[in-house]
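Reader: Hi, I'm new to this one and would like someone to walk me through it. Could we go slowly, starting with the overall layout and then turning to individual residues?

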Amino acid sequence: MALRRIAVLVLSAATCALAPGLAAPAAGAVTPSEQVRQAPIPLSKGGDHLRVTVTGSGDAGLDGTHELKCHPTGGDHPKAEDACRALDKVTRWGKDPFAPVPSGTACTMQYGGPVTAHVTGRWAGRPVDATFKRDNGCEIGRWDKLVPLLPSAAS
């Protein structure tokens, strides 16, 4: 049994020496499993559909409810193509683009105004029911990540 373990170790060392591609990845390198996690989520077969309701912006043109359909693009969202493209860009395996800020996160004490948004529907095959505010630096960053699905503060 001990001889078998030694043979396995010698063969493993020889394989790594002869095939450097099988060795551990260099620091900062992206492994194949990380490439899968970073790859975009495949499009859902039935398309993606979101309802976005914005309130409290102080601009009648921004407040209201809009429908957004992606894959294929449709609905009455004023920036439908750009919104679908932005959502595709931030959608990754293992990461929810609509996730709330984790509890206990230290956030800057900024105030981006009283505007709120509520997003419901389905995205990447999963149900969405998320509320967005601009009441601290983390929430402002979370909101800005989804512009133009959500209106820009500069709008």
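Author: What follows is a walk through a predicted model, from the overall layout to single side chains.

Reader: Okay, so which secondary structure elements does the protein chain have, and what pattern do they follow along the sequence?

Author: The protein chain has four helices and four strands, and along the sequence they come in the pattern α-α-β-β-α-β-β-α.

Reader: How do the strands go together, and what's the order in the sheet?

Author: The four strands make an open sheet in the order β2-β1-β3-β4, and the pairing is antiparallel. At the edges are β2 (64–70) and β4 (126–132), each of which pairs on one side only. From one strand to the next, the twist averages 10°.

Reader: How many bridges join β1 to β2?

Author: Strand β1, which covers residues 48–55, is joined to β2 by seven bridges, and the two run antiparallel. If you want a place to look, find His49, which stands opposite Lys69 in β2.

Reader: And the helices, which strands does α3 touch?

Author: Helix α3 packs on the sheet and touches β1, β2 and β3, with its direction making about 65° with that of β2. Helix α4, residues 137–145, lies across β3 and β4 and runs at about 130° to β4.

Reader: Switching to charges: how many salt bridges does a search of the whole structure find?

Author: The search finds four salt bridges. As background, side chains of opposite charge can pair when their charged atoms come close. One of the four joins Arg85 and Asp82, whose side chains meet at 2.8 Å, N to O.

Reader: Where do Arg85 and Asp82 lie, and are they buried or exposed?

Author: Both lie in helix α3, three residues apart, which is about one turn of the helix. Arg85 counts as exposed because its relative accessibility is 52%, and the cut-off for exposed is over 50%. Asp82, with a relative accessible area of 37%, is partly exposed.

Reader: What about α4, which residues pair up there?

Author: Glu139 forms a salt bridge with Arg142, and their closest N and O atoms are 3.1 Å apart. These two residues both lie in helix α4, again three residues apart and about one turn of the helix. Glu139 counts as buried at 16% relative accessibility, and Arg142 is buried as well, with a relative accessible area of 7%.

Reader: Why does 16% count as buried for Glu139?

Author: Buried means under 20% relative accessible area, so Glu139 at 16% falls within that class.

Reader: Which residue forms a salt bridge with Asp144?

Author: Asp144 forms a salt bridge with Arg134, and the closest N and O atoms are 2.9 Å apart. Asp144 lies in helix α4 whereas Arg134 is in the loop between β4 and α4, so the pair ties together parts that are 10 residues apart in sequence. Asp144 is partly exposed, at 39% relative accessible area, while Arg134 is buried, at 7%.

Reader: New topic: where is His77, and is it buried or exposed?

Author: His77 lies in the loop between β2 and α3, and at 8% relative accessibility this histidine counts as buried.

Reader: So what is His77 in contact with?

Author: Leaving aside its neighbours within four places in sequence, His77 is in contact with His66, Glu67, Leu68, Ala83, Pro148 and Leu149. With Leu149 there is also a polar contact, in which a polar atom of the His77 side chain lies 2.9 Å from the backbone oxygen of Leu149.

Reader: One more loop residue, then: where is Asp96, and what does its side chain reach?

Author: Asp96 is in the loop between α3 (80–90) and β3 (116–123), and its side chain reaches the backbone nitrogen of Phe98 at 2.9 Å. Asp96 is partly exposed, with a relative accessible area of 44%. Although Asp96 and Trp123 are 27 residues apart in sequence, they are 9.7 Å apart in space, C-alpha to C-alpha.

Reader: Back to the whole protein chain: what share of the residues is buried, and how much area does the chain expose?

Author: Buried residues make up 27% of the 155 residues. The protein chain exposes about 10000 Å², and carbon and sulfur atoms supply 60% of that area. As for contacts between residues at least 6 apart in sequence, 54% of them join residues at least 24 apart.

Methods. Residues are numbered from 1 along each chain as its sequence is written. This is a predicted model: local features need pLDDT of at least 70, side-chain atom pairs count only at pLDDT 80 or more; totals for chains, interfaces and linings use all residues. Side-chain values use heavy atoms; hydrogens and water are left out. Buried means under 20% relative accessible area, exposed over 50%, partly exposed in between (1.4 Å probe, protein chains only). A polar contact is a pair of N or O atoms within 3.5 Å; within protein, one must be able to donate a hydrogen and the other to accept it, and residues adjacent in sequence count only if both atoms are side-chain atoms. Two strands pair if DSSP finds at least two bridges between them. Axes are lines fitted to C-alpha atoms, for helices over the stretch in contact, and angles run from 0 to 180 degrees between N-to-C directions. Contact means heavy atoms within 4.5 Å. Accessible areas come from the Shrake-Rupley method with a 1.4 Å probe; for residues, only the protein chains shown count as cover.
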